[in-house]
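Thanks, everyone. Let me put the structure up, and then we'll walk through it.

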Amino acid sequence: MSGPSDYQPSHPALKWFEQRLPIIGLVHSSFIAYPTPRNLNYWWTFGAILSIMLGVQIVTGVILAMHYTPHADLAFKSVELIVRDVNYGWLLRNMHACGASMFFLAVYIHMFRGLYYGSYKAPREVLWILGVIIYLLMMATGFMGYVLPWGQMSFWGATVITNLFSAVPYFGESIVTLLWGGYSVGNPTLNRFFSLHYLLPFLIAGVVVLHVWALHVVGQNNPAGVEPKTEKDMVPFTPYATIKDFFGVTCFLIFYSWFIFYMPNYLGDADNYIPANPAVTPAHIVPEWYYLPFYAILRSVPNKLAGVIAMFSAIIVLVFLPWLDAAKTRSNKYRPLGKQFFWIFVVVCVLLGYLGAQPPEGIYVIAGRILTVLYFAYFLIVLPLLARIETPRPLPNSIADDVLAKSGRAPMVSTVIALVAAVSLLAGSMGDARASEGQENPPSASWSFAGPFGKFDRGAVQRGLKVYKEVCSNCHSLQYVAFRNLAEPGGPGYSTAQAASFAAEYKIKDGPNDAGEMFERPGRPADYFPSPFPNEQAARASNGGAAPPDLSLIAKARSYKRGFPWFLVDFFTQFQEQGPNYVNALLQGYEETPPHGVTIPDGSYYNKYFPGHAIKMPSPLSDGQVTFDDGSPATVKQYAHDVATFLMWTAEPHMEARKRLGYQVFIFLIIFAGLMYFTKKRVWAAAH
Amino acid sequence: MVTASTADHPTRRDFLFVATGATAAVGGVVALWPFISQMNPDASTIAAGAPIEVDLAPVAEGQDIKVFWRGKPIYISHRTKKQVDEVRAVPVSSLPDPASDQSRTKDGHEQWLVVIGICTHLGCIPIAHEGNYDGFFCPCHGSQYDASGRVRQGPAPLNLPVPPYQFVSDTKIQIG
């Protein structure tokens, strides 16, 4: 995009077109002939990875919008039905939800790369500022997207974030009402968030074009931080950068697929599988991991307005970075002090992220304040000061010299290690949000469906269905499970006829008929498991004021603290079984009398695995209550295990399909990455 | 993939490039599948397309009712003796889309006509008991159908289609 194109079309038709709209020449000069520094390392492929992720998010988002209903009463259900009923809906939804995390992960690496190598310095200030604008737009988009499923975290996240604006003096309340379009977060809020969530990515794409345009005017920075001097310093974008980027993207896709296929809920909050409830706030409201450092800064300041200002300033300060850092040397590779402070800053950001997930009490508040000061000190004190006191190491004469010197291997390895640790710490700290509850963690049971090749134990699902029908269904519903699901692959393995006759045992309320009256009829395969109560009020009245939750998502909606180092181990073991562990433990965790010194309110029962220990539900199971045809023992232990397996299936009927497709995708990606690696080596052989 | 290789005979390098390109192409094409497949009817839509039962007892002679099955209007006409005799007297060969009334109704239930009420021209909904043939008239472009749902006049090329149905009892049919 810099200067007139040297593209010379040979075909007369192309020549005719090029004279009227020189777009092929533009593409040619931008992505084929465009000279790139020879010494770019893999941190530079994150630009390409980000382009791919933006594309993936837009494509999957457009598709999800085809199936999503932006209405406060229907949004949650429509998301569940996307996952359950739409062809490959689970895949598209996982791609989009995990994709948001991957997008932010990539943008953080991209930004830290810019920080380390001084990519914001002259002449790239505008390029950097456009990047900050993209980042702000991404944050807005990500936030509004998280609201759309209308779960508990969606709803309360929206409430908390919009309430930030109430800190504005005098106009605050009016601004918040304006944002909500009502007296509280509600349907108008959801509608406008949906509209804007659909719109903003296209604005991002627009600013990305400006970002790339600015990049092509000033040229890419590089690890040496010296400007190219001769032809020898550069290689054409295609095939050199193209093939390297493709290889980088493929490796990134392997990482991304790990989440899509094997741990889709690792980066999300279990509470968002509970439908939005304006009457109950989750114990801890935690944003997605990528906002945690800023959330920590917000909470570190004891004054409402000052906290909000601090949080926004933490991002806005990036805009002024090109002028705050006056050092003549661009790359931290040649700045002994700059390098150390950079890594301290990275650690500060990671720790802030960790604190953002902790309850705001005790030592966490003090640590948060210190780290907030350190965060701003890096930009406002360290960087301006370093420029005056630091003596940089000598720079290489040219990029070609840098390539020949082959230096910079060691820092890259340490960077990889540090970033992997940082990311997993950030990601894992999500699970720590319930740290102050002080409840006992459920023991991990062994589940046939755990791990990459896990499958549901058909017998256990069938027995669990029987326990559900004879015991649980007296109070609980399974709103998102249809009788037809019983005959679908990956489930209890019944035939269509068996599912139909199972359905026929239920009475379904239908109508109104021609006479305007409701009537009851036998269930059909297309019907959903009904609730034993006509509505929530009736359910509350029969259960001492506590509405029995719908069980179809319970295994995904319940979680507990895993803590360090388990969340790191969990990433590799693909541990996703908090929900079934919890259900299993809860059903067995009843004790006749509370332990000494514990009192529980009247009308509740002691259960050591229930948060707060006082549960309204009496122990639902006792030995010998349900008889199994297959000779399995009629014990509470067996019932609890089977019903937890069944509930895991109701929470994710396509789990087996997910794992099977994941296996195939992994084989493909690994083979492809290998081929790409050798192709890349071949292509670059001439350049090194 | 732009390469500098211009050797006359294939080399190992060419093989690597071709293999990589082919794998990328196969992966790209396969990856499109979920994005296209999601447009097909989802499981709940398919389940909702199950057969329906219709009670014919309240439908008097000369009356029509309209029911919906799979999002399509189905006309169920209780034809009069006169209508049946008229449509059976028409020489089949004179029709634009030749079909006998017998082939469009069930034996022993010739007073019942069950057709999908969607004009075969461009998908409008014809009005029952209108037009020159005591059948259906499509107001959009003037197609006329007789009391057997056969096209008699206008741009429609085909007769109104008969949905799959059967008599469960004398007064009850199952459509689908």
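How many residues does the contact take from chain A, and how many from chain B? Chain A gives 27 residues and chain B gives 22. Keep in mind that this is a predicted model.

Let's stay with the interface. About 2,000 Å² is buried between chain A and chain B. Carbon and sulfur atoms give 74% of that area. Now the polar side. The rule finds zero salt bridges across the interface of chain A and chain B. What it does find there is six residue pairs in polar contact, with both residues at pLDDT 80 or more.

Which helices of chain A supply at least two residues each to the side that touches chain B? There are helix 3 (46–67), helix 5 (89–116), helix 10 (237–262) and helix 25 (655–685). Helix 25 of chain A provides the largest share of that side, eight residues.

Next, the annotated regions. These come from UniProt, and both entries are unreviewed. UniProt lists "domain: Cytochrome b/b6 N-terminal region profile" for residues 13–224 of chain A. In the model, that span is 72% helix and 1% strand. Its end C-alpha atoms are 44 Å apart.

The other record is "domain: Cytochrome c", which UniProt places at residues 459–591 of chain A. Here the model has 38% helix and 11% strand. The end C-alpha atoms of residues 459–591 lie 29 Å apart.

One helix to look at on its own: helix 6 of chain A, residues 125–147. It has 23 residues. First C-alpha to last, helix 6 reaches 34 Å, close to the 33 Å expected at 1.5 Å a residue. Is helix 6 of chain A mostly covered or mostly uncovered? Mostly covered: 17 of its 23 residues are buried.

Now the salt bridges. Over all chains, a search of the whole structure finds 27. I'll pick out a few.

Start with A:R484 and A:D85. Their closest N and O atoms are 3.2 Å apart. Why does this pair tie together parts that are 399 residues apart in sequence? Because A:R484 sits in the loop between strand 3 (478–482) and helix 19 (496–504) of chain A, while A:D85 sits in the loop between helix 4 (75–84) and helix 5 of chain A. A:R484 has a relative accessible area of 9%, so it counts as buried. A:D85 is buried too, at 5%.

Now a local one. A:E470 bridges to A:K466, with the closest N and O atoms 3.6 Å apart. Both residues lie in helix 18 (residues 458–470) of chain A, four residues apart, about one turn of the helix. An α-helix has 3.6 residues a turn, so residues three or four places apart point the same way. A:E470 is partly exposed at 39% relative accessibility. A:K466 is partly exposed at 26%.

Next pair: A:R562 and A:D570. Their closest N and O atoms are 2.8 Å apart. Are these two buried or exposed? A:R562 has 19% relative accessibility, and the cut-off for buried is under 20%, so A:R562 counts as buried. A:D570 is buried as well, with a relative accessible area of 4%.

Last stop. Which residues are linked with A:K121 in a network of salt bridges? They are A:D325, A:R335 and A:E390.

That's the tour. Over to you.

Key. Residues are numbered from 1 along each chain as its sequence is written. Chains are lettered from A and ligands numbered from 1 in the order in which they are written. This is a predicted model: local features need pLDDT of at least 70, side-chain atom pairs count only at pLDDT 80 or more; totals for chains, interfaces and linings use all residues. Side-chain values use heavy atoms; hydrogens and water are left out. The expected span of a helix is 1.5 Å times one less than its number of residues. Buried means under 20% relative accessible area, exposed over 50%, partly exposed in between (1.4 Å probe, protein chains only). UniProt positions are given in the numbering used here, feature names are shortened, and annotations may be inferred rather than shown by experiment. Contact means heavy atoms within 4.5 Å. Buried area is the accessible area (1.4 Å probe) that two parts lose on being put together, summed over both. A salt bridge is a side-chain nitrogen of Lys or Arg within 4 Å of a carboxyl oxygen of Asp or Glu. A polar contact is a pair of N or O atoms within 3.5 Å; within protein, one must be able to donate a hydrogen and the other to accept it, and residues adjacent in sequence count only if both atoms are side-chain atoms.
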